[in-house]
Amino acid sequence: IFITRKIPEATLDELQKIAYVTMWEDEMKPVPRKRLLKEAAKATGLLTMLSDKIDAELIDQSRNLKVVANLAVGYDNIDIPYAAKKGITICNTPDVLTDTTADLTFALMMATARRITEAAQYIKEGKWTGWSPLLLAGTDIHHKTLGIVGMGRIGEAVAKRAAGFDMNILYHNRSRKEEAERKLGLSYRSFEDLLKTSDYVVCLAPLTEETKDLFDEKSFQTMKASALFINASRGGVVVEKALDRALTEGWIKGAGLDVFVEEPIQPDHFLLRHANLVALPHIGSASLETRIQMVRLACKNIENVLQGLTPPAAVNGKDA
Ligand code: 8YV
């Protein structure tokens, strides 16, 4: 088994009982493509990160490969149809990260609305020298309209949190989620209607052919000038230059992003110059508890496939 990033040894005990495990030795930097191809060519299983491209080239060179366990709920880094054709089981880490990612999404929404990062910076820079009624005044969250694009597990968990803030909750999704509508009081809207009427537009949709570049100039122009846009799914759902224009020209009021088209971004990235943009380094599922559970689930996925058992989270043929 090859693990494509340095992760704590302690979480690998069960996997090490049944397999010879090697690991890329860097904690921060992705394994170079050449090394990944070399290791994959020898491996029965891979434990991969979003930054590893598992494509036809890699699959064709990896004759012994039976299982790829992604350390993420998303798997847009993997050519799923090709892997299925070659009999490779692809697995992800759903459920264990749902609440943690929903917490972060809500935190990002609140930080953007109430200008938390700006305010924290303000005090650290010694700018707090007095008081004015509008000093760092933000936007309310309670009783506002939230539009969630992508009503999967994390979408539902965000809706649950929003209900506690007395928000009016709209959603748009490929398919209607009637049970969630009943349980959480959600209203289904077309994408355009949702954009037109929401005070907060939160994207939690996976990156697919359909969602790529979904938030373009037209989308941002359709949103209210007072609206805030939050993205905690994948950078690729947004045309970043369009968001840049939307913030520059005041088509929307602000944005909070946990994800970017190319990660990591550099401090000179054009979006970072906007004071009304809160940027986070893709930390949606990054709590210690959840990261340990993700690694354990990824290992269990591999263990089961190697032992001829059904893995707890295979994605082949299923939605994210
Ligand atoms: C990643 C994520 O797992 O689960 C996903 O799809 O985007 C994150 O939780 C994390 O960045 C590690 O790859």
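**Notebook: domains and ligand shell**

I began with the UniProt record, an unreviewed entry, which places the feature "domain: D-isomer specific 2-hydroxyacid dehydrogenase NAD-binding" at residues 106-284. In this predicted model, I looked up that span and found it to be 32% helix and 15% strand, with its end C-alpha atoms 10 Å apart.

I then checked the confidence values, and noted that the protein averages a pLDDT of 96, with 99% of the residues scoring at least 70. For the complex, I copied down the predictor's ipTM of 0.95 and its pTM of 0.96.

Next I turned to the domain assignment, which divides the protein into domain 1, made up of 2-94 + 287-306, and domain 2, covering 98-279. Taking the centres over C-alpha atoms, I recorded a separation of 31 Å between domain 1 and domain 2. In the contact between them I counted five residues from domain 1 and five residues from domain 2. On the side of domain 1 that touches domain 2, I sorted the residues by class and obtained one nonpolar, three polar and one charged.

Last, I asked which residues surround the ligand. I listed Met49, Leu50, Leu71, Ala72, Val73, Gly74 and Leu97, together with His282, Gly284 and Ser285. Setting this list beside the domain bounds, I noted that Met49 and Leu50 fall within the 2-94 part of domain 1. Sorting the shell by class gave me six nonpolar and four polar residues, and I found no charged residue there.

Technical notes
Residues are numbered from 1 along each chain as its sequence is written. This is a predicted model: local features need pLDDT of at least 70, side-chain atom pairs count only at pLDDT 80 or more; totals for chains, interfaces and linings use all residues. A residue is near a molecule or strand if its C-beta atom, placed from the backbone, lies within 6 Å of it. Ala, Val, Leu, Ile, Met, Phe, Trp, Tyr, Cys and Pro count as nonpolar, Asp, Glu, Lys and Arg as charged, and the others, Gly among them, as polar. UniProt positions are given in the numbering used here, feature names are shortened, and annotations may be inferred rather than shown by experiment. Helices (H or I, at least four residues) and strands (E, at least two) are DSSP runs, numbered from the N terminus. Domain bounds come from an automatic or database domain assignment. Two residues are in contact if their C-beta atoms, placed from the backbone, lie within 7 Å. pLDDT is the predictor's confidence in each residue, from 0 to 100.
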